[in-house]
Amino acid sequence: MDTFLNILKIVIGFILLIKGADFFVDGASAVAAKLGVPELVIGLTIVALGTSAPEAAVSLSAAIKGNNGISIGNVVGSNIMNVLVILGLTAVIRTLTVKRATVRVDIPVMIGATVLMILWGMINGKLIRVTGIIFLAIMVAYLIYLVWYSKHADISDEGEHVKDIKGWLIPIFIVGGVAAIIFGSNIAVEGASGIAKLFGVSDRVIGLTIVAFGTSLPELMTSLTAARKGCVDIAIGNIVGSNLFNILFILGMTSTIIELPYISKGTNFTVDGLVALGAAVLLFLLVLPKKELGRKGGLLMLLGYTGYFIYLLV
């Protein structure tokens with residue numbers, strides 16, 4: 001009976017994820033069309049913030065409950081999976097063209113934020129209130145840049161794939177889509193964890209695989225759906241924006257509330273942080289020559305995550 005219920009949870013969860021992603025991407029692309037804002041900006045803001053909700057909830061909740069290490073681990077782990085697994089899978093399915101602004105600004109900012117997190121953590125051993133204030137200040141500066149970019153970018157080649165959605169329905173599509181994505185990912189993770197426990201899989205392995213994948217399911221479904229619908233800028237912006245929100249906003253907000261250990265007794269995120277940096281640099285190097293991420297690049301990313309996963313298990 002337990003097995004049946006867990007399988008049912010997984011099925012229901014993925015149905016909610018798929019339909020929620022459909023509504024969310026349609027709503028987000030409709031916002032871009034109606035406001036005359038580039039889809040990349042929508043992907044870097046509304047979509048990124050929406051799909052980062054699980055990470056935000058986990059990190060803030062963990063910090064409040066005193067499980068400080070989980071906050072950094074959740075963000076770093078999600079950022080690694082976002083780039084290597086989600087963009088990797090998306091690129092294998094469909095070649096992703098990348099805007100010049102993303103290559104010149106957005107990805108370098110993501111790399112810079114990751115470097116700042118690593119250096120601060122390695123030098124001070126923890127992220128403190130000052131760290132959080134600096135992260136949040138950079139986030140504000142980046143959002144100001146996005147406002148400027150939205151007013152100067154050429155969007156003449158966008159909007160052909162956008163559904164004609166009435167204005168009052170757009171918030172329902174976006175909010176309802178996010179709610180379905182988050183609720184669906186939670187149910188799917190519960191079902192998968194239940195089945196894993198029935199087969200005697202350890203909590204450590206479950207945490208490193210199912211739970212980590214579960215918090216990244218919103219990004220996965222949103223990017224895959226966006227790519228399938230031709231909203232490539234939303235697919236790329238979703239991942240880059242989510243990673244920026246994870247470090248600058250989530251860690252920034254959390255470290256202003258409570259100190260977050262980076263290197264301490266029983267906690268050391270040095271290797272994981274460097275892997276996150278390596279993933280960001282790899283993305284930059286892959287898209288730099290032709291401003292696109294193709295199947296070979298996607299396979300290389302998936303191979304990279306396989307190596308990291310083996311390291312975690314060993």
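The paragraphs below go through a predicted model, from its confidence scores to one helix and then to its aromatic rings.

Confidence comes first. Across the protein the average pLDDT is 81, and 85% of the residues score at least 70. The elements do not share one value: helix α10, residues 270-287, has the highest mean pLDDT, 94, while helix α8, residues 203-228, has the lowest, 67. Over residues 157-161 the pLDDT stays under 50. The model still has 10 contacts for residues 157-161 beyond four places in sequence. Where pLDDT is low, predicted coordinates should not be read in detail.

Next comes helix α1, which covers residues 2-35. Both N6 and I12 lie in helix α1. Are these two residues buried or exposed? N6 has a relative accessible area of 10%, and buried means under 20%, so N6 counts as buried. I12 has a relative accessibility of 37%. That value falls between the 20% limit for buried and the 50% limit for exposed, so I12 is partly exposed.

The surroundings of N6 can be listed. Apart from neighbours within four places in sequence, N6 is in contact with E190, G191, G194, I195 and L198. I12, for its part, belongs to a nonpolar patch on the surface. The other residues of this patch are F4, L5 and L8, and the patch has an area of about 350 Å².

The aromatic rings are the last topic. How many aromatic pairs does a search of the whole structure find? The search finds 7. One pair is made by Y145 and Y149, with ring centres 6.1 Å apart and planes at 35° to each other, and this pair is tilted. Y145 and Y149 are 4 residues apart in helix α6, residues 129-152, so about one helical turn separates them. Both Y145 and Y149 are buried.

A further tilted pair is formed by Y262 and F269, where the distance from centre to centre is 6.1 Å and the angle between the planes is 55°. Y262 has a relative accessible area of 0%, so Y262 is buried. F269 has a relative accessible area of 12% and is therefore buried as well. A pair of aromatic rings is described by the distance of the centres and the angle of the planes.

Aromatic residues can also be grouped into clusters. Y145 and Y149 belong to one aromatic cluster together with Y142 and W148.

How values were computed
Residues are numbered from 1 along each chain as its sequence is written. This is a predicted model: local features need pLDDT of at least 70, side-chain atom pairs count only at pLDDT 80 or more; totals for chains, interfaces and linings use all residues. Side-chain values use heavy atoms; hydrogens and water are left out. Patches are made of residues with over 30% relative accessible area and no salt bridge: like charges are joined within 9 Å, nonpolar side chains (Val, Leu, Ile, Met, Phe, Trp, Tyr) within 5 Å. Accessible areas come from the Shrake-Rupley method with a 1.4 Å probe; for residues, only the protein chains shown count as cover. A salt bridge is a side-chain nitrogen of Lys or Arg within 4 Å of a carboxyl oxygen of Asp or Glu. Helices (H or I, at least four residues) and strands (E, at least two) are DSSP runs, numbered from the N terminus. Buried means under 20% relative accessible area, exposed over 50%, partly exposed in between (1.4 Å probe, protein chains only). Contact means heavy atoms within 4.5 Å. Rings of Phe, Tyr and Trp (its six-membered ring) pair if their centres lie within 6.5 Å; planes under 30 degrees apart count as stacked, over 60 as edge-to-face and the rest as tilted. pLDDT is the predictor's confidence in each residue, from 0 to 100.
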